[in-house]
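Let's take a stroll through this one and stop at a few spots along the chain. Have the structure open as you read.

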Amino acid sequence: MASTHSPERAASGTLALHLDRVGFSRAQFWVLMLILAGMFFDTLEQNSVGAMGANLKASLGITDTQLTTINTFTVLGGLAGRLAGGWLADRYGRRASLSLNLLLYTLGGLLSAVAVNYDMMLASRFVVGVGLGGEFTIGIAMLAEMVATRHRGALVATLNIGSGGVGNFLSYGLFFLLLGPLAPALGGDHLVWRWTFLFLALPALLVVLYRRRLPETPRFLLAKGRVEDANRSLAILASGSLKHTTETTAGGPLTTADVPVRQLKSSPAAVFARAVLPRTLSIGAASWMAFGAQVTLNFLMPTLLVERGYSISDSLLFTMIMNVGSLLGACAAAWLAGRVGRRGAVGCAGALGCVTAAAFAAFGDSTVLILVLGALFQFFTMITNTTLAVWSPELYPTSIRATGTSIVNGIGNIAGAVMPFLAVALFAAFGLTGVFGMVAVMYALLVLASRFAPETRARTLEQINEDAPA
């Protein structure tokens, strides 16, 4: 499956040059699939509490504010998981950190299934959040380091097709079935949520087992001076399978001369070093606006629709229909990633998302308009968020790539914890108009923030970082 297509610009280093020559191998396809599988369960979990909100409120006897606090604990756990996972991935490798995240997620999911009260639910969701936190950011950093320059944007965006696109769409379809037609067979409204948490946790264990086959990224190994291991990883990625070979690769393309000379120390503080601080501030602000808006609406939409008089089943069905826009938006972002610059894609999609949110606030009164405008908003949201996901790992050198990606996405996590409270208050005062008005303002600020990050499309990771002028 190797390609002879020339990169749009010559790779600045030996490693980038050889990955560009590989094209897209079968081994890289399986790397993509194994990372994607974990992210799919990540998305299901992110939407689970919102989808089961009415069940949890009735079963545990909790209020809207307590339900929102459960979401906040998950988000805070995600923030802790991202920071810790990113640091571990930069210190000890992307592969080990990625497997640990999914194990924690499974443990937290099982605890949620057997939670006997509100406090236990809070604790279990925090553990789930820790597991989920590093899954996405380490996954996108890992894949970005293992593929050719010309495929990097589209492949990293593909992760969001499977998680944010297909995952969002299927999650509400799954919840619609479990909490609707299948609920009586699963113990009724007071027990079905326990089975749902269990169904989400167990399949993730299979992904953990298969992830043992993932190789470490050659860029991480090279940055650590492990040249022979980097050559071995490169050989696996160029092959037709993920089977680890015991054969030495002496005489491989990489030598000690390819070890980056200029490296930042692997620590969270380095993400705020002068060399990368403007990037952190720009993408961090954009992440706050983009992910804060997305989490707010995904979490609150079923509850908001129920409070407007729709049944639980109808609200989940409507939310699933709206998320067709997410799936199409993620696909559009993957297509755009190889053709349009990151800055242009985020700016245009963010501006159109702002207009759509304002239209929802002004005209979203009927069922048809709620569905159409909701789907359109999800479409532009997913283009924006997917492009930010592609952009983030490209902006940091190998030694802090996972940490930097985790921190700027963690800023979005904080927004996801804070903004739903503001949205609930605005809904109480102004209805859906208040919620979507807030989102429209957030998207306008997102477009502004994205203008200050450098363009990365068609440039190798080394050209953007290690080989960039000091």
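Leaving aside its neighbours within four places in sequence, which residues is Val259 in contact with?

## A loop contact

They are Leu222, Gly225 and Val227. Keep in mind that this is a predicted model. Val259 sits in the loop between helix H10 (227–237) and helix H11 (277–307). Along the chain, Val259 and Leu222 are 37 residues apart, yet their C-alpha atoms are separated by 5.5 Å. Val259 counts as partly exposed, because its relative accessible area is 21% and the buried class stops under 20%.

## Helix H5, inside and out

Next up is helix H5, residues 94–113. With 20 residues at 1.5 Å each, H5 should span 28 Å, and its end C-alpha atoms are 29 Å apart, so the two figures agree.

Plenty of H5 is tucked away: the buried residues include Arg94, Leu98, Asn101, Leu102, Tyr105, Gly108, Gly109 and Ala113. What do they pack against? The buried residues of H5 pack against helix H2 (26–51), helix H4 (64–92), helix H6 (118–144), helix H8 (192–210), helix H9 (218–223) and helix H16 (401–430). As a rule, an α-helix has 3.6 residues a turn, so residues three or four places apart point the same way.

H5 has another side to it, though. Leu110, also in H5, is partly exposed at 32% relative accessibility. Leu110 joins Leu103, Leu202 and Leu205 in a nonpolar surface patch of about 310 Å². H5 and H8 each supply at least two residues of that patch.

## A buried arginine

Now over to Arg219, in helix H9. Is Arg219 buried or exposed? Arg219 is buried, with a relative accessible area of 4%.

Not counting residues up to four places away in sequence, Arg219 touches Leu15, Ala16, Leu19, Ala144, Glu145, Val147, Thr398, Arg401, Leu461 and Glu462. That list includes two glutamates, Glu145 and Glu462, as well as another arginine, Arg401.

## Cysteines without a bond

How many disulfides does the model have? The count comes to zero. Why no bond for Cys348? The closest cysteine sulfur to that of Cys348 is in Cys354, 13 Å away, which is too far when a disulfide needs the sulfurs within 2.5 Å. Looking from the other end, the sulfur of Cys354 has Cys348 as its closest cysteine partner, at that 13 Å.

The surroundings of the pair are worth a look too. Cys348 counts as exposed, at 53% relative accessibility, whereas Cys354 is buried, with a relative accessible area of 19%.

Notes. Residues are numbered from 1 along each chain as its sequence is written. This is a predicted model: local features need pLDDT of at least 70, side-chain atom pairs count only at pLDDT 80 or more; totals for chains, interfaces and linings use all residues. Side-chain values use heavy atoms; hydrogens and water are left out. Helices (H or I, at least four residues) and strands (E, at least two) are DSSP runs, numbered from the N terminus. The expected span of a helix is 1.5 Å times one less than its number of residues. Buried means under 20% relative accessible area, exposed over 50%, partly exposed in between (1.4 Å probe, protein chains only). Contact means heavy atoms within 4.5 Å. Patches are made of residues with over 30% relative accessible area and no salt bridge: like charges are joined within 9 Å, nonpolar side chains (Val, Leu, Ile, Met, Phe, Trp, Tyr) within 5 Å. Accessible areas come from the Shrake-Rupley method with a 1.4 Å probe; for residues, only the protein chains shown count as cover. A salt bridge is a side-chain nitrogen of Lys or Arg within 4 Å of a carboxyl oxygen of Asp or Glu.
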